[in-house]
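Visitor: Got a minute to walk me through this one? I'd like to start with the ligand and then look at the domains.

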Amino acid sequence: MNNFSTPIIILGGGLAGLYCALKLAPLPVTLIAPSSVGTSGASYWAQGGIAAAVEEDDSPEKHAFDTIAAGAGLVDENIALGMAQEARSRIQELLEFGAPFDRTKHGVFLPSQEAAHSHRRIVRVKGDSAGRAIMETLKKKLDATPSINVIEGATAYKISKHNSHSLSVFCLTSDEKSIEYRCACLILATGGIGHLYSLTTNPLDSCGAGVAMAAQVGAVIADAEFVQFHPTAIDIHTDPAPLATESLRGEGATIINRFGHRFLIDSDSRAELAPRDIVARKVYESIQEGSGAFLDAREKIGRDFPTRFPAVYASCIAAGINPINQPIPIAPAAHYHMGGILTDACGRTSIDHMWAIGEVASTGVHGANRLASNSLLEALVFADRVASDIKKRQIARSDYGVNLPKSNTPNIQSSAIITEIRENMSNHVGVIRNKQGLSLALKRFATLYNKKKPPVVQNMLITAIFIAASALKRCESRGAHYRDDYPQENPTLGSRTKITLNQVLDIANSCI
Ligand SMILES: Cc1cc2nc3c(=O)[nH]c(=O)nc-3n(C[C@H](O)[C@H](O)[C@H](O)COP(=O)(O)OP(=O)(O)OC[C@H]3O[C@@H](n4cnc5c(N)ncnc54)[C@H](O)[C@@H]3O)c2cc1C
């Protein structure tokens, strides 16, 4: 029997979860994650950095303008402006925590350029090591904060409404015991969905658990169809695929096919710095037609590669590729989910006592396509807002935590089902979609839905159904959602998707 004396539970130890826990101090918080807090999520892997208007001739208004343009008509403009206005304060706070952002000896930031930003505004660390450096800084701060009780090795799989004042979270431990934790405030910070795809840049834990758990307790899910595919994942057949940060293209690296032709320039004058969805589709098409795709940093970065991009360099060398004198093979991979649990400006979900922050949330800031490096910023801004929102409340204490018996759910074929979900997602719900493929995936998902399987796998399936059903429903191409049977944007469909579990199950069942 465990006893917990915390009224606040945070699920997830990435940037959103950790920063929120720190901002809630000295309120007692229990932070739960399946593996090591700080290093287990996508945050640790972030390469580029955090978008913020830090240069003299830049402004939050210009940052918001670029964010709105990238989002293809679906960005909530007030949310985007609010986020851009708070960027400088969040960066300043990280600096005070000790984050070693790249600056001159006079303290002036040295931001980099990424696609679709009209200014150099990516605040970074040692070129491509922002995520790691920021998370190490926050982990040190966490270790020195006694109000945060960290539970590692527990995977949340279910939420239930206990009564009008509290929620319960059910977690599975590594020895398959189930534990129920009750709390007055539940903050979901479980990250993204990349691992629902067979080709992804995301870590193992990014498999959409938060969306599925929230949806099963009745939360509204927004914009689930909008998945960003990163055009330059390093294609060396590893799972997950290492990333070659967009800053490489910002610093002049080009994309070529196997004949050395810089094919992006044929269709878009912005070439390598066109928005990610456009670059991803062209890279995908080049690979599909057999011409391949490569990132070529030989001329513009060359010998400086190891010092300017040490993380990417290490991944290349480990795969036997020397980027100083060899082009890097690339492919588009599932990278970021613009959709998620619908939240308001304070990070509140449609369920009382439940908030969502970071990639699992859909705040309306990204619309149909995320502007590069806006996600770490969104995680910080909304974690801070949620902490403020909770601090204003009177919170009941709930000294409660119960060990339940071992879970008897059979584990049979779960890995086969996971492989099937991931392959269907990459093949039919990927960079280029259409009715036929989406219906095929949903038909299979609807059949799998009723099969007995561990709850963690059922959660993966539910989130996959949200993405595929929302993609089938949106009969147009917009931002990262591209349908070759509806290749144009339809102005009458310019509003966000807001949908529930019953609605997506109806769509899936209609495909059988
Ligand atoms: C390779 C890579 C590079 C990137 N580079 C950038 C960049 O330069 N700039 C930028 O802005 N964005 C970048 N992104 C995106 C960005 O890193 C993420 O969107 C962001 O880190 C998400 O933060 P988070 O805290 O929401 O989730 P994460 O950091 O993914 O953390 C999620 C946490 O939840 C835990 N969790 C998952 N499931 C459960 C469960 N069932 N129960 C309990 N806990 C759970 C995980 O273990 C983890 O601790 C990058 C992403 C990748 C993959």
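Guide: Here is a quick tour of the ligand shell, one helix and the two domains. Keep in mind that this is a predicted model.

Visitor: Okay, which residues come nearest to the ligand?

Guide: Gly12, Gly14, Gly41, Gly191 and Gly358 do, out of 44 residues around the ligand. Two or more residues of that shell come from each of α1 (15-24), β2 (29-33), α4 (130-143), β6 (154-163) and α10 (374-391).

Visitor: And which element gives the most to the shell?

Guide: That's α10, with four residues.

Visitor: What's the shell like by class?

Guide: There are 23 polar and 19 nonpolar residues, plus two charged ones.

Visitor: Back to α10 for a second. How far does α10 reach from its first C-alpha to its last?

Guide: The span is 26 Å over 18 residues, close to the 26 Å expected at 1.5 Å a residue.

Visitor: Why is α10 described as largely enclosed?

Guide: Because 15 of its 18 residues are buried, α10 is largely enclosed by the rest of the structure.

Visitor: Switching topic: how is the protein divided into domains?

Guide: Domain 1 takes in 8-153 + 338-404, and domain 2 covers 227-335. Taken over C-alpha atoms, the centres of domain 1 and domain 2 are 27 Å apart.

Visitor: How many residues does each domain bring to the contact?

Guide: Domain 1 brings 17 residues and domain 2 brings 17 residues. On the side of domain 1 that touches domain 2, seven residues are polar, six are nonpolar and four are charged.

Key: Residues numbered from 1 in each chain as written. Predicted model: local features only at pLDDT ≥ 70, side-chain atom pairs only at ≥ 80, totals over all residues. Near = placed C-beta within 6 Å. Nonpolar A, V, L, I, M, F, W, Y, C, P; charged D, E, K, R; others polar. Expected span 1.5 Å × (residues − 1). Buried ≥ 20, exposed ≤ 12 C-beta atoms within 10 Å, placed from the backbone. Domains from an automatic or database assignment. Contact = placed C-beta atoms within 7 Å.
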